[in-house]
Structures are given as structure tokens and as C-alpha cells.
Amino acid sequence: MSLPPLVEPAAELTRDEVNRYSRHLIIPDVGMAGQKRLKNAKVLVVGAGGLGSPALMYLAAAGVGTLGVVDFDVVDESNLQRQVIHRQSSLGKPKVESAAATVREINPLIDVVVHNTALDRDNVLDVFRGYDLILDGTDNFATRYMVNDAAVLLGKPYVWGSIYRFDGQASVFWAEHGPCYRCLYPEPPPPGMVPSCAEGGVLGVLCASIGSIQVNEAIKLLAGIGEPLVGRLMIYDALEMTYRSVKVRKDPECPLCGKNPTQTELLEDYEAFCGAVSEEAAEAAAQSTISVRDLKDMQDRGEDIFLVDVREPNEYEIVSIPGATLIPKGEFLDGSALERLPQDRRIVLHCKSGVRSAEALAVVKNAGFGDAVHVGGGVLAWVNQIDPSLPSY
């Protein structure tokens with residue numbers, strides 16, 4: 001559907017702006033009026049990571065007058081494979097500062113607003129109020145639902161994107177004209193069902209493919225041109241090189257944007273709503289979590305333990321804790337791993353950070369291995385605290 005322009009045009013473009021944006025100005029659908037609207041627009045990008053990187057760079061190049069970026073993380077070496085807004089010289093710096101520096105190099109004619117903070121229910125509404133449009137580049141379900149809810153409550157459109165390995169999705173959610181994120185995904189997936197990019201990986205260039213689609217949609221909304229992805233989900237398969245569009249209808253029973261909404265404010269706890277781990281895993285890990293230093297002490301004392309790495313084989317090839325046997329989490333969930341566990345040794349499970357091993361621990365304890373434990377922090381903690389010479393990912 002065609003929608004009216006989201007913002008009013010600025011009074012004028014300067015000579016420098018005309019020179020810079022001339023290739024936009026000669027497109028009839030954009031022209032002087034469209035570029036003036038971009039100049040007058042305020043867009044917030046949530047996350048300066050894989051999707052936020054190309055989004056920020058192309059929004060800046062397009063001439064969006066005020067560009068906000070919110071993130072609380074620092075630049076890590078593993079980011080550089082896909083987060084192209086950051087550089088080697090940015091390692092250890094706040095992502096928002098690194099991103100802002102690159103954006104200012106791309107276009108010094110725009111204003112950049114930095115929000116070096118983690119979004120939460122206490123600040124998200126205040127941060128969002130100052131912008132016309134939200135572009136969501138987050139990578140976890142808790143923040144996605146919070147972004148959606150805040151945008152709906154404030155009546156703002158937001159452009160959403162998601163990436164995983166070779167697959168990407170994008171859509172525009174605007175409750176005033178179509179569905180919201182909850183209409184598409186009423187409930188988050190069960191804990192551990194959908195791996196994060198940190199667990200499953202992502203092809204670096206996929207970020208550019210989906211991030212640029214998000215910018216394209218933002219420009220269309222701001223300038224009032226074309227048919228934005230309101231009520232449609234765009235699905236991209238980079239391996240097959242296929243795009244397909246699926247209709248998404250507004251759910252009249254949606255608790256947030258339906259005919260009789262029952263949710264009229266932000267949730268108290270989005271992490272609890274999405275569930276980082278299942279209740280069974282949390283219960284199993286409550287009294288059965290050891291630290292990497294505990295594990296190292298066990299090994300140094302020569303304790304007869306059976307150390308199990310529940311990650312995937314390609315992760316095991318990158319780095320592993322000495323003495324660990326690889327049995328992927330899926331084999332615990334289908335039960336096939338249980339026959340490989342010795343009855344006369346204590347079972348110690350670990351993964352990358354502790355989430356997957358907690359899920360496997362619940363299975364192991366239910367099978368009768370009452371003294372089994374898992375390692376909080378997993379391989380990442382081992383590298384950071386025990387052997388920093390090992391690679392991380």
C-alpha cells in the first residue's frame with residue numbers, strides 16, 4: 001500500500017547538499033521535495049552491529065538529517081567480519097562512538113546523536129520519542145519485542161530485519177497502517193529453539209543485503225514513495241539467491257494493536273517473557289553450576305570426570321576445552337547421547353556460554369545423573385579466565 005510521507009520537507013537544501021544529493025534529486029520520485037524530507041527526518045537505529053552498520057552508513061549517505069544510534073557494547077575482533085562500520089582501530093571502543101565517527105566521515109552535513117546505553121523498559125520510550133522512525137537491528141528476541149511494544153505505544157513505524165547464517169527477513173511494522181511484530185510472532189520461540197548468530201553464525205555480506213533493504217524501506221516511508229513492506233514479510237535465501245514475499249495480516253486479537261488491546265504498557269520483564277533458558281534448564285542449573293576455575297581445579301586434582309562439549313562440530317574445531325568430548329546438544333534432546341555417558345564418572349557439561357549446556361543438563365538429570373553439573377560461562381569464560389592464548393569467537 002502507498003502511504004503519505006512520514007515527515008514534512010525542510011525549508012531548503014544548501015548548495016553543498018544539492019551537490020551531494022544530486023543523484024537523488026534527478027530521480028522524479030524523490031526529487032527536491034523527497035530530499036528535503038530526508039533532511040528533516042530523525043531516524044534511530046537500534047544496534048550498531050551487523051544490520052546497524054550498513055543501515056547507519058546508507059542512511060547517512062542518503063542525507064537523513066538526524067541519525068541516532070543506540071548500543072551499549074564495545075567493538076570486538078569477531079565483529080569485524082560483518083560490522084563494516086567499525087575498524088581495527090576501533091577495537092575496545094564503544095560501538096556507538098565508533099559508528100558515529102564513521103558516519104561523520106561519510107556525511108558531515110548531518111547530525112549524529114549517540115545513545116551509549118542498553119535499552120530497557122525505563123528508558124526506551126524516552127529514547128524513541130525524539131525520532132520519526134525506528135530501524136531495528138537487534139539480535140535477540142527480548143529487545144525485539146520491547147522495540148515493537150514501544151513503537152506501537154508511541155504510534156511510530158519501525159523497520160525490522162533479522163539474519164541467520166544465509167537467511168534474512170525484513171518487514172515494516174506500523175500498527176496504524178498494518179500489523180505489528182506480535183501479529184507475526186505472537187509468542188517468542190521456546191528457549192534454545194532458535195540459535196543466535198553468536199551460536200549459529202552469519203554470512204557477513206548478508207548483513208549488507210538485509211540492512212540495505214531496511215534503509216530502502218526507511219527512505220520510502222520518510223519520503224512517501226513506493227509501496228513499503230507494511231503487511232508483507234520479505235524472505236531472502238542467499239544460498240539459493242531467492243527473494244519471496246509473504247503477506248502478514250493484522251491480528252484483530254493482538255493484545256497490543258488489536259481491536260481490544262489488553263497490553264497498554266511495556267512488560268515488566270522482557271527477558272523473562274522470552275525466557276533465556278527453559279524453566280527445566282534453570283531449575284537443573286540452580287544448584288549444579290560450576291565455574292571454569294572449578295573445572296580447572298577438578299582437572300588439576302585428577303578427578304574422574306567426563307567432560308562433554310555440547311556445541312556443534314564446527315564450533316569445536318575453532319576452540320575447545322582440553323579433555324572435552326563433543327556430543328552436540330541435539331543428541332541430548334533426542335536422547336541418543338545418553339547411551340554414551342558413563343555411569344561411573346561425574347558428568348560435566350559445557351557449551352559456548354552456558355545456555356545450551358543448561359538445557360542438556362536438564363535432560364541428563366532427568367535421566368538419573370543426579371550429580372551432573374554444567375560450566376557457567378562455557379568456552380568463553382575458559383578463554384578469558386584460564387587460557388587467553390586460545391582463540392575466541
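These legends accompany close-up views of a predicted model.

**View 1. The eight-stranded open sheet and its edges.**
Let's begin with the sheet as a whole: eight strands form an open sheet in the order E3-E2-E1-E4-E5-E6-E7-E8, and the pairing is mixed. Strand E3 (111-116) and strand E8 (242-247) stand at the edges, and each has a single partner strand, so one side of each lacks a neighbour in the sheet. From one strand to the next, the twist averages 15 degrees.

**View 2. Strands E4 and E5 with helix H7 packed on the sheet.**
Zooming in, we find strand E4 (residues 133-136) paired with strand E5 (residues 158-164) in the parallel sense over three bridges. A handy landmark here is Asp-136, which stands opposite Trp-160 in E5. Helix H7 (residues 141-154) packs on the sheet and touches strand E1 (42-46), E4 and E5. The direction of H7 makes about 170 degrees with that of E5.

**View 3. Two loop residues with positive phi.**
Arg-165 is a residue other than glycine, yet its phi is positive, near 55 degrees. To find Arg-165, look in the loop between E5 and strand E6 (167-173). Arg-165 is partly exposed, with a relative accessible area of 37%. Met-241 is not a glycine either, and has a positive phi of about 55 degrees. Met-241 lies in the loop between strand E7 (232-237) and E8. With a relative accessible area of 53%, Met-241 is exposed; the cut-off for that term is over 50%.

**View 4. Helices H4 and H5 side by side.**
Here the axes of helix H4 (residues 52-62) and helix H5 (residues 95-106) come within 9 Å and cross at roughly 30 degrees. Angles under 35 degrees count as roughly parallel, and H4 and H5 are therefore roughly parallel to each other. The crossing of H4 past H5 is right-handed. Look between the helices for the residues that meet: Leu-56, Met-57, Ala-60 and Ala-61 from H4, and Ala-99, Val-103 and Ile-106 from H5.

**View 5. Ala-60 and its surroundings.**
Staying with helix H4, we can centre on Ala-60, which lies in that helix. Ala-60 is buried, with a relative accessible area of 0%. Leaving aside neighbours within four places in sequence, Ala-60 is in contact with Leu-67, Val-103, Ile-106, Asn-107 and Ile-110. Among these partners, Val-103 and Ile-106 belong to the H5 residues listed in the helix pair above. Leu-38 makes a useful reference point too: it is 22 residues from Ala-60 along the chain, and their C-alpha atoms are separated by 10 Å.

**View 6. Strand E12 between its partners E10 and E13.**
Our last stop is strand E12 (residues 346-350), which is mostly covered, with four of its five residues buried. Five bridges join E12 to strand E10 (residues 305-309), and these two strands run parallel. E12 also runs parallel to strand E13 (residues 373-375), to which two bridges join it. Leu-349 is a good residue to follow across the view: Val-308 stands opposite Leu-349, and in E13 the bridge partner of Leu-349 is His-374. E12, helix H16 (residues 355-366) and E13 together make a right-handed β-α-β unit.

Methods:
Residues numbered from 1 in each chain as written. Predicted model: local features only at pLDDT ≥ 70, side-chain atom pairs only at ≥ 80, totals over all residues. Heavy atoms only, no water. Buried < 20%, exposed > 50% of the residue type's maximum accessible area, 1.4 Å probe, protein only. Pairing = 2+ DSSP bridges. Right-handed = clockwise from strand over helix to strand, strands pointing away. Axes fitted to C-alpha atoms, helices over the stretch in contact; angles between N-to-C directions. Contact = heavy atoms within 4.5 Å. Parallel < 35°, antiparallel > 145°, perpendicular 65-115°, else oblique. Left-handed = near helix turned anticlockwise from the far one by under 90°.
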